[in-house]
Structure formats: structure tokens, C-alpha cells
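User: Hi! Could you walk me through this one while I have it open?
Analyst: Happy to, just ask away.

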Amino acid sequence: MEAALELINVTKTYSEANNEQIIALNNASVTINYGELVAIVGPSGSGKSTFLSISGALLRPTCGTVKVGGIDLENLGDNQLSDLRLDKVGFILQSSNLIPYLTTLNQLLIIKQMSKCGKVTNNDIQYAKKILSELGLSAQLKKYPAKLSGGQKQRVAIARALFNNPDIILADEPTASLDFEKATEVVEQLKKQTQSTKKAIVMVTHDERMLSYCDRIFSITDGTLTEITTS
Ligand SMILES: Nc1ncnc2c1ncn2[C@@H]1O[C@H](COP(=O)(O)OP(=O)(O)O)[C@@H](O)[C@H]1O
Ligand SMILES: [Mg+2]
């Protein structure tokens with residue numbers, strides 16, 4: 001089977017105003033399989049967000065190959081990339097980025113409304129409720145984000161990322177705004193969902209206490225990605 005995410009010799013450079021080049025990602029190669037929860041650690045400015053943006057087809061690499069669910073992104077146009085993001089990628093950000101005027105249930109359903117076949121069916125509603133219930137949010141379906149705790153909001157963000165049944169979920173410091181207990185709940189959910197849905201989840205984190213939940217750990221230093229062998 002194809003890998004969920006594959007990067008082969010991927011480099012991303014940015015040009016500064018003074019014509020200096022910043023190498024944000026330096027010849028990174030990695031294969032992430034379905035069912036793996038992977039952590040990326042590294043200091044600020046080391047290239048973590050660049051790695052996630054390239055993996056999620058939000059940013060094109062300067063050179064190298066990126067494949068999501070076996071699909072090589074290189075020859076896709078902007079519209080195809082945007083379709084691929086809707087179909088195959090889920091994003092979870094540091095602040096949950098929920099829409100203030102939508103209830104928990106509608107945070108998920110709006111994704112369907114924005115897609116090509118934008119009609120929400122009864123099946124969609126049942127599916128959204130099932131995911132939210134697995135994440136312990138059944139009592140929050142009708143609540144607006146302002147009435148949710150930080151941990152609940154991040155769990156809604158996880159549910160939203162799962163709703164379109166993506167191949168990979170990319171999480172940029174999903175626990176950074178949470179206390180330890182809430183952060184643990186969120187990472188436990190990510191772990192459970194990787195296993196039960198066989199998705200690949202890549203999580204950037206600063207919190208070493210979350211690493212024990214992860215199947216593999218990579219560090220990035222000055223754009224260089226290295227796998228840290230545990231056990
Ligand atoms: N759009 C951009 N233009 C120029 N430089 C950038 C841009 N985005 C990121 N960088 C630089 O690339 C490097 C890696 O950034 P980033 O991937 O955001 O790191 P991290 O997420 O680990 O903090 C940093 O030196 C950052 O300043
Ligand atoms: Mg970052």
C-alpha cells in the first residue's frame with residue numbers, strides 16, 4: 001500500500017529582501033504510514049510549520065517530491081491542490097479556529113456545505129454526531145465556541161479535521177494553549193483516532209510530555225529533519 005505521506009528530498013528556501021536565502025527545510029525525506037501518530041519537535045524557527053504546510057499542500061516545495069495518499073503533488077494545479085486539501089488533509093491549529101457563530105455540530109457540517117456537493121444529508125449529520133460523541137462532545141452539540149472550554153474547543157477541531165475522512169491530519173501545536181490535563185486528553189484522542197481510523201497524524205509539539213503517546217518522533221533543527229529513535 002502507498003504511504004499516507006511521503007516526502008523525498010524536499011527543500012524549501014525563502015528569499016529575504018537582502019537576497020539572502022533562508023533554508024527552511026533542507027532535503028527532508030520521510031515516509032509516514034497509515035495508523036501512525038508522529039511527533040515533530042524543534043525550536044522556534046526550525047522549519048516545523050514549513051514542513052506541515054508543504055505536507056498539507058498549502059505550500060509548494062522549492063524542490064523535491066511530496067506525495068499525499070500516493071498522489072504526487074508536483075503536477076497538480078492550484079484548484080486540484082485545493083480539492084486534494086479538502087479530500088485528503090485535515091488541519092488542526094494551535095488555536096482551534098472555530099467559527100464563533102456556529103454551533104459545535106455545524107462546525108463540522110459547514111465543511112460539507114463548502115464542498116462541491118454542498119448538500120448536507122441525514123447521513124452527514126449522523127456521521128458528525130458519531131465523531132463528536134467519540135470525542136466526548138455529545139452534550140456540546142448545540143453550544144457555540146464561547147461556551148466551550150479550551151480542551152473542548154480543541155476536541156471540536158479534531159472532530160472537524162476527521163469529518164471529511166482525510167488520509168492525513170496535520171496538527172500544529174494543538175495542545176499549546178491547554179494545561180497538562182487537557183493537553184493529555186487531546187493527545188489521547190489523537191492517538192485513539194489514529195488507531196481506530198487508521199489515519200496518519202503528524203503533530204508539531206513543544207511539550208515533551210506528549211511524546212510518549214507518539215509512534216515516531218522527529219526533530220527539526222535549522223531545517224534538517226532527523227528521526228529520533230526511541231525504546
Ligand atoms: N513566508 C516566509 N518568508 C520568509 N521566511 C519565512 C517564511 N516562513 C517561514 N520563514 C522562515 O523559515 C524558517 C522556518 O520557519 P517555520 O517553518 O515557521 O518554523 P517553526 O514553525 O519551526 O517555528 C524561519 O527562519 C522563518 O523565519
Ligand atoms: Mg511554527
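User: Which residue of β8 stands opposite Ala-39?
Analyst: Met-203 in β8 stands opposite Ala-39. Bear in mind that this is a predicted model.

User: Sure. How many bridges join β3 and β8, and are the strands parallel or antiparallel?
Analyst: Four bridges, in the parallel sense. β3 covers residues 37–41 and β8 covers residues 200–204.

User: What's the strand order in the sheet they belong to?
Analyst: The order is β6-β7-β8-β3-β9-β10. That makes an open sheet of six strands, and its pairing is mixed. At the edges are β6 (89–92) and β10 (224–228), each pairing on one side only. From one strand to the next, the twist averages 20°.

User: Nice. Which strands does α6 lie across?
Analyst: Helix α6, residues 180–197, lies across β3, β6 and β8. Its direction is at about 155° to β8.

User: And α2, what does that helix lie across?
Analyst: β6 and β7 (168–172). Helix α2 spans residues 78–88 and runs at about 75° to β6.

User: Switching topic: what surrounds ligand 1?
Analyst: The shell consists of Tyr-14, Ile-22, Ala-24, Pro-43, Ser-44, Gly-45, Ser-46, Gly-47, Lys-48, Ser-49 and Thr-50. By type, that is four nonpolar residues, six polar ones and one charged.

User: Which element gives the most to that shell?
Analyst: α1 does, with three residues. Both β2 (21–32) and α1 (48–55) supply at least two residues each.

User: I'd like some distances for my contact list. How far is the polar side-chain atom of Lys-48 from an oxygen atom of ligand 1?
Analyst: The distance is 2.9 Å. Ser-49 also has a backbone N or O atom lying 2.9 Å from a ligand 1 oxygen atom. For Thr-50, a polar side-chain atom lies 2.5 Å from an oxygen atom of ligand 1.

User: And how much of the ligand 1 accessible area does the protein cover?
Analyst: The protein covers 61% of it, where ligand 1 on its own has 560 Å² of accessible area.

User: Back to α1 for a second. Which strands does it lie across?
Analyst: α1 lies across β1, β2 and β4 and runs at about 120° to β1.

User: How are the strands ordered in the four-strand sheet?
Analyst: The order is β2-β1-β4-β5, an open sheet with antiparallel pairing. β2 and β5 (71–72) are the edge strands with a single partner each, so one side of each has no neighbour in the sheet.

User: How many bridges are there between β1 and β2?
Analyst: Eight bridges join these antiparallel strands. One facing pair there is Val-10 and Ala-28, the latter in β2.

User: What about the hairpin of β1 and β2: which residue takes a positive phi?
Analyst: Asn-19, with phi near 70°. The hairpin has five residues between the strands.

User: Last one: how many bridges pair β1 with β4?
Analyst: Five, in the antiparallel sense, between β1 (residues 5–15) and β4 (residues 63–68). Thr-11 has Cys-63 of β4 as its bridge partner, while Leu-5 stands opposite Val-68 in β4.

User: Great, thanks a lot!

Conventions. Residues numbered from 1 in each chain as written. Chains lettered and ligands numbered in written order. Predicted model: local features only at pLDDT ≥ 70, side-chain atom pairs only at ≥ 80, totals over all residues. Heavy atoms only, no water. Near = heavy atom within 4 Å. Polar contact = N/O pair within 3.5 Å; in protein donor to acceptor, adjacent residues only side chain to side chain. Areas by Shrake-Rupley, 256 points an atom, 1.4 Å probe, with all protein chains shown as cover. Nonpolar A, V, L, I, M, F, W, Y, C, P; charged D, E, K, R; others polar. Pairing = 2+ DSSP bridges. Contact = heavy atoms within 4.5 Å. Axes fitted to C-alpha atoms, helices over the stretch in contact; angles between N-to-C directions.
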